[in-house]
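Me: Please pick one residue in this model and look at it closely. Then work outwards from there to the contacts, links and cores around it and elsewhere in the chain.

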Amino acid sequence: MKKKIGFVVAMALVGLALLSTRYYLVDLPVWHFFGGSNGPDPVTLHLRGEFVESNLGAAEGPAGSVTVRMIAQQFVFVPQCIVIPAGVPITFRITSADTVHKLSFMGTNYGLEAAPGVVTEATFTFAKAGEFKIPCQEFCGAGHYAMRGHLDVVPRHQFASLLPGERRTCEPR
Ligand code: CUA
C-alpha cells in the first residue's frame, strides 16, 4: 500500500514537471506560429527591441509627452519603481516576459494587462502628486502576492526634462 502511494506521488510529480515545461516547449512556439511574432518575443525581450533594459522607464517625446515602458515578469515589474510628472498624459507600454500579469495603480481606477508577445498601451493622467503601489492583480504563480511595483507621481516642475535617449526610474523602495 505504501509503495503504491509512493508511486502515485512520483507520477504526480513527473506530471507537474511536464506541465511546467510545457509552456516553453508547446505554448510559446504555438503562440509564435499564430501571429504572436508581431509583438515582442518574450524570450528575447531583454536582449533586443523596444524593451531592452536601457529603454525601460519614463521617456520624453515631442512636446513634453511622456511614455513609460515596463516589463512584467514572475514576480517583479521592471523597473520596480517609476517616476512620472502629475497632470500630464502618460502613455504606458507594457509587455510580459512570461505569463499574464495585471498592473493596477492602487487608489485609482487605472489598470493594465501585461501578456507575453503583446504590447498593451494605455494613456492615463495622474492629476495629483502622490505615491501609488502597483500590485499585480492576476494570479501568476507562487510569488504573485509579493509582486508589486511602485509609482511616484511628482509635481510637474519637479520632473526635470529628459534628453532624447534618457530614461528615468526612481530608486526602488
Ligand atoms: Cu504577476 Cu500576479
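Reply: Start with Arg69. Its relative accessible area is 15%, so Arg69 counts as buried, since the cut-off for buried is under 20%. Keep in mind that this is a predicted model. Arg69 sits in strand E2, which covers residues 66–73.

Now the partner. The side chain of Arg69 makes a polar contact with the side chain of Glu50, at 2.6 Å. The pair is also a salt bridge, with the closest N and O atoms of Glu50 and Arg69 2.6 Å apart. This bridge links distant parts of the chain. Glu50 is in the loop between helix H1 (2–33) and strand E1 (57–60), while Arg69 is in strand E2, 19 residues apart. Glu50 has 24% relative accessibility, so Glu50 counts as partly exposed. Arg69, at 15%, counts as buried. The bridge therefore pairs a partly exposed acid with a buried base.

Who else touches Arg69? Setting aside residues up to four places away in sequence, the list is Glu50, Phe51, Asn55, Leu56, Gly57, Ala59, Val78, Pro79 and Arg93. Glu50 and Arg93 come up again below.

How many salt bridges does a search of the whole structure find? Five. One of them joins Glu166 to Arg168, with the closest N and O atoms 3.9 Å apart. Glu166 is partly exposed, with a relative accessible area of 30%. Arg168 is buried, at 18%. Back at the starting residue, salt bridges that share partners join Glu50, Arg69, Arg93 and Glu121 into one network.

Another bridge runs between Lys102 and Glu138, with the closest N and O atoms 3.6 Å apart. Lys102 lies in strand E6 (residues 101–104), and Glu138 lies in the loop between strand E9 (130–135) and strand E10 (148–154). The bridge therefore ties together parts that are 36 residues apart in sequence. Lys102 is partly exposed, with a relative accessible area of 31%. Glu138 is partly exposed too, at 29% relative accessibility.

Stay with strand E6 for a moment. Four bridges join E6 to strand E7 (residues 111–114), and the two strands run antiparallel. Ser104 stands opposite Gly111 in E7. The hairpin of E6 and E7 has six residues between the strands. In that hairpin, Gly107 takes a positive phi near 95 degrees.

Next, the nonpolar interior. The largest nonpolar core has 33 residues. Val68, Phe92, Phe126 and Leu151 have the most contacts inside it. Seven strands each supply at least two residues of this core: E2, strand E4 (81–85), strand E5 (89–96), E7, strand E8 (120–125), E9 and E10. So E2, the strand that holds Arg69, also feeds the largest core.

Phe126 shows what such a core position looks like. Leaving aside neighbours within four places in sequence, Phe126 is in contact with Ile84, Ala86, Gly87, Phe92, Phe105, Thr108, Tyr110, Phe132, Leu151 and Val153. Apart from the largest core lies another, of five residues, among them Leu45, Phe51, Leu56 and Ile71. Phe51 and Leu56 are also among the residues that Arg69 touches.

Now the covalent link. The disulfide count comes to one. It joins Cys81 to Cys170, with an S to S distance of 1.9 Å. The link is left-handed, with -90 degrees about the S-S bond. It connects distant parts of the chain: Cys81 in strand E4 and Cys170 in the segment after E10, 89 residues apart. Cys81 is buried, with a relative accessible area of 1%. Cys170 is buried as well, at 14%. Two other cysteines are also out of the solvent by this count: Cys136 is buried, at 5% relative accessibility, and Cys140 is buried, at 5%.

Finally, a residue in the segment after E10: Ala160. Ala160 has 43% relative accessibility, so it counts as partly exposed. Leaving aside neighbours within four places in sequence, Ala160 is in contact with Glu60 and Arg168. Ala160 and Pro85 are 75 residues apart in sequence and 9.0 Å apart in space, C-alpha to C-alpha.

How values were computed. Residues numbered from 1 in each chain as written. Predicted model: local features only at pLDDT ≥ 70, side-chain atom pairs only at ≥ 80, totals over all residues. Heavy atoms only, no water. Buried < 20%, exposed > 50% of the residue type's maximum accessible area, 1.4 Å probe, protein only. Polar contact = N/O pair within 3.5 Å; in protein donor to acceptor, adjacent residues only side chain to side chain. Contact = heavy atoms within 4.5 Å. Salt bridge = Lys/Arg side-chain N within 4 Å of Asp/Glu carboxyl O. Pairing = 2+ DSSP bridges. Core = buried A, V, L, I, M, F, W, Y, C linked by side-chain atoms within 4.5 Å. Disulfide = S-S within 2.5 Å.
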